[in-house]
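Biologist: I would like to go through the terms used for this model and see what each one rests on.
Modeller: Here it is.

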Amino acid sequence: MIRRPPRSTLFPYTTLFRSLIMAATLFGYVLTVYNVPALFTTLMTSMIHSKITFLIFLNVLLIILGMLMDSGAIILIVAPLIYPIAVSFGIDPVHLGCIIVFNLAVGQATPPFGNCLFAAIPATKQDVVTLAKNVLPFVVILFATVFLISYVPAFSTFLPNLMKG
């Protein structure tokens, strides 16, 4: 008699997570096809005139996008658009990279749509609502860290500046 291997309990969650990544990739493709990134750049340069306003807008945008899309797709779409604007405001490219990556990481962990939450469901054996409630204190700390990284460039440029000499 041939025994069937037990079906993994992670299977439904794996398919859910892959479905989320596929939807985020499709969303990025649709944005690119309809030329939304170029329209976005034009709108940003006409509305934002100070470095602080730019950083606030960038943080909000990246956290929202981080909750909805895969980080790789966001970096490929948004980074080339944001870079010239950030340099025009005097933001160091290393600092900008740290802002982008950390904001996206926070977005991935932020309820209600963060991809990391859906990946943590099988490991914690909790439903989404319970997990979201349990992660909120950590999200507050992450937002404080986003604030420090964004508005105090020394946090992200200290080590690279030491290496430059």
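Biologist: What percentage of the 165 residues of the chain count as buried?
Modeller: The figure is 33%. This is a predicted model, and buried here means under 20% relative accessible area.

Biologist: How many helices and strands does the secondary structure of the chain come to?
Modeller: Eight helices and zero strands.

Biologist: Why is α3 called oblique to α5?
Modeller: The axes of α3 (residues 51-68) and α5 (residues 93-109) cross at roughly 40° and come within 7 Å. Angles under 35 degrees would count as roughly parallel, and 65 to 115 as roughly perpendicular. The angle falls in neither range, so α3 is oblique to α5. The crossing is right-handed.

Biologist: Which residues meet there?
Modeller: From α3, they include Leu-55, Leu-58, Asn-59 and Leu-62; from α5, they include Leu-96, Ile-99, Ile-100 and Asn-103. The contact residues divide into 10 nonpolar, five polar and no charged. Gly counts as polar in this division, and Gly-66 of α3 and Gly-107 of α5 are among the contact residues.

Biologist: What does the span of α3 agree with?
Modeller: Its end C-alpha atoms are 26 Å apart, and at 1.5 Å a residue its 18 residues should span 26 Å, so the two agree.

Biologist: Which residues of α3 are buried, and what do they pack against?
Modeller: Among them are Phe-54, Leu-61, Ile-63, Leu-65 and Met-67. The buried residues of α3 pack against α2 (36-47), α4 (71-88), α5 and α7 (128-151).

Definitions and conventions. Residues numbered from 1 in each chain as written. Predicted model: local features only at pLDDT ≥ 70, side-chain atom pairs only at ≥ 80, totals over all residues. Heavy atoms only, no water. Axes fitted to C-alpha atoms, helices over the stretch in contact; angles between N-to-C directions. Helix = DSSP H or I, 4+ residues; strand = E, 2+ residues; numbered from the N terminus. Parallel < 35°, antiparallel > 145°, perpendicular 65-115°, else oblique. Left-handed = near helix turned anticlockwise from the far one by under 90°. Contact = heavy atoms within 4.5 Å. Expected span 1.5 Å × (residues − 1). Buried < 20%, exposed > 50% of the residue type's maximum accessible area, 1.4 Å probe, protein only.
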